[in-house]
Amino acid sequence: MPCLEMSGIVKRFGGITALGGASLCVEAGEIHALIGENGAGKSTLINVASGVLHPDEGTISLQGAPVHFANPRQAAAAGVAVVHQEADLFPQLSLAENMLLGQGLVRGRLGLVQWGATFHKAGEMVAAMGERFDVRTAAAGLPVARRMMAEIAAAVSAQARVLFLDEPTASLTLKEIQNLFVRLRVLRDQGVAIVYVSHRLEEVLDLCDRVTIMRDGQTVGTHAAAGLTMQQMVNDMVGREVTRIFAKRNVSLGPACLTMEGLTDPAGAFQEISIAVHAGEIVGLYGFIGAGRSELGQSLFGLRSAPDGRVSLNGKPYRPCSPRRAVKQGVAYLPEDRLVQGIFRGHSIRTNTSVAQLRRLSVAGIVSGTRETALTKQAMASTRVRAASMEQAIGTLSGGNQQKVVFGRWQCTNPNVFILDEPTRGVDVGAKTEIHNLIDDLAGKGAAILLISSDLPEIMAVSDRVVTLAEGRRTGVFDPRTGTEAAIAAAAVPRAIPRTGRAQDRGRLRALTRLREGGLLGFILVVAGIMALVKPAEFATTENFLDILANAALPAIMAQGVMLIICAGGIDISIGSMMGLVGAVAALAAKAGWPAPVCLALAMGLGCSLSIINGTTALIARIHPIIVTLAGLSIYRGVMRWATGGREVIQLPEGYRALAEGSLLGIPKTVWCVLAVTVLVHILLRYTLTGRRILALGNSESAARLIGLSKTRLTLFVFAVSGILTGLTAVLHAGYYGKVQANTGEGWELQAIAAAVIGGTNILGGRGSAIGTLLGAFLVAMLYNILILARVSSYWSHFFVGALILAAVLADMRLQRAQRSVA
């Protein structure tokens, strides 16, 4: 009985048929290859099998029983695990969370996350794959290969009955591939059904038991791997005979275009690299993970800090300080991570092609549509991009066509030096041949090409010379026509003692990241200390301190809700107006004789409802929440003034005012409220699975979808919490001040967002801190207090708050760059 059987699967996207009756039958205890060109339907078939997509027609059976997976979590629970091609992870979360979030973080009796046990479990998974790297490191700072190995380790550890591996070796070097194959054979012997998708056909023949070939969304056939040849597979995949996979013409080499002498990376990624690349020459750069190959390419293009040593372009000194300068001087760079660094996924082919040439295409600063169209047509024709039109979104293209668009973008700049980092990663055999021909054409036109690749057969077939790196140092130079794969691979094996400097740097940066709140607290103490020395009689008093606390408390409560929405990838700028409306309704109810607790419940319920309406509208309309809440900002303010007749709500009952007035143990009640809210939000965000999923959604919506996280549920949850906290703030504000004014809440959205961002929340989502938000609110309140004491005009308050926000964002960006540079 087959372990997994898919029959007659049809999947349409609008008028396009991605799968037209595809089938797949996988037995337990076999490694089954699934091959085909990009666009053949392999990834779509995998997404159907794993619950990411729902088939329009066809049946799926698992162990003989029909199954219908509503989402990837159901598929994972049934024993279907997938390692997707692009390893689209959550960049700001730790590697351990990326590995375990789908199957569940380690939790204790109360359901709270146990971080020590979680990191230990993830570390054991990595060790079982024969790898060693820090699972506490943020995924953003890791190379593509390590992110892929982590995903594979997590999928293997889930003890899946069916394991899909979509291009698992695309970024791995020989050592990692060998380790992976050993592990996969062990899993096969344990009865796991493994579906292996790869464009590396020699791996398919070496590893797999059977091969299913797809073309144009249909299954062409299934064959035993024994006796099958690469030529047969290629012919079936493309529907025609392909006689050459690699091609390299002989070109007379010119003078040195790119010369490196003693290049050393300030972060330690490589040392004393000396290489010369001549006009018309293709120099292959080969090395294992951590060898410094990609870092070298990034440095030459100005993406990293300028290296020490000397670089020359066409005999003239060159200092790679920025990509803009590199492009201007004739250097082009095709990055390793196509999705993150190469393409603008939601934009058209035209936009992606012309983006590097906008200055040349512009007249008086206005881009010429005619020139842009001509440039795009030329690039698409020269690189043979297959697309409906140049206005098609690049994210809808196959990986090979995406790569050709990026290649065409840089080809149009007429570069003297072309740095190619994994140019054929994740593309099919047909696209690979076309890209190799494009590289060969560039060399034939006199460009100097530095080819960085983990595909050793590719390096040997395409390159004129092969330079090996290990542990950041050059270890050999080979002629691929006379050298052997074994010799080149042996030269790339690390022999030095692992360097601890970068690990120590990562540890210090991780500690710095965790101590954001400590740094903010230190800044507050320094500013307070200066003010205490300058104006001791006015600033350094208990009364003034309590006044700052009280003024910080109410915005801080509302800021906690805003912070959660930002963490999930949204934002709400209507909370100030919402607070005014909710506060007015609750105050009117109190004056009508409603008990204070009932009024509080009314306010929190109304705030929750209005906020959920904001979130629901954004989800249904599929627009960013800032657009919806921009409308809400005016609507809620208008409704409030209609409800109150434009007058203040005054003379509130004593019982209602008692909710906020007074103190406990000498500390205002509002301060106790904000401390309680901060503790609860901190626990939610740091120690609950829901909180970690909120951060995951803000990190990457696409990665969240692939592990079955519900954007709808998480979005509505954070909006509901924010609305509840806005309602609480509204009641406390009215009780504390004894009235609701017509302008109550105006400008509070700025204070709340400022508190969150200053406290370490990433304005783009994916990271936030309840404690940092509280400190941020206190700093803003203290700033207002200082301006008053210094008799500075209130008009300057927004300027200083804005400056604080800008400083916080810039500091955060510098910290993230530092993390990436030592990864």
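This is a quick tour of one predicted model, going from the whole chain down to a single strand.

**The chain overall**

The secondary structure comes to 32 helices and 24 strands. For 823 residues, a compact globule would have a radius of gyration near 28 Å, and the chain comes in at 30 Å, which agrees. If you're setting up a box, the C-alpha trace spans about 90 × 70 × 55 Å along its principal axes.

Burial is worked out with a cut-off of under 20% relative accessible area, and 55% of the 823 residues make it. As for the contacts between residues at least 6 apart in sequence, 72% of them join residues at least 24 apart. The accessible surface adds up to about 33900 Å², and carbon and sulfur atoms own 57% of that.

On the charge side, you get 77 positive and 59 negative side chains. The centres of those two sets sit 5 Å apart.

**Zooming in on β11**

Strand β11 covers residues 256-264, and 7 of its 9 residues are buried, so the rest of the structure largely encloses it. Which strands does β11 pair with? One is β12 and another is β14; here's how the two pairings look.

| Partner of β11 | Residues | Sense | Bridges |
|---|---|---|---|
| strand β12 | residues 273-278 | antiparallel | 5 bridges |
| strand β14 | residues 308-313 | antiparallel | 5 bridges |

To find these pairings in your viewer, start with L258, whose bridge partner in β12 is V277. For the β14 pairing, look at T259, which stands opposite S312.

Note on methods: Residues are numbered from 1 along each chain as its sequence is written. This is a predicted model: local features need pLDDT of at least 70, side-chain atom pairs count only at pLDDT 80 or more; totals for chains, interfaces and linings use all residues. Side-chain values use heavy atoms; hydrogens and water are left out. Helices (H or I, at least four residues) and strands (E, at least two) are DSSP runs, numbered from the N terminus. The radius of gyration is taken over C-alpha atoms; the globule rule is 2.2 Å times the number of residues to the power 0.38. Buried means under 20% relative accessible area, exposed over 50%, partly exposed in between (1.4 Å probe, protein chains only). Contact means heavy atoms within 4.5 Å. Accessible areas come from the Shrake-Rupley method with a 1.4 Å probe; for residues, only the protein chains shown count as cover. Lys and Arg count as positive and Asp and Glu as negative; His and the chain ends are not counted. The place of a charge is taken as NZ of Lys, CZ of Arg, CG of Asp or CD of Glu. Two strands pair if DSSP finds at least two bridges between them.
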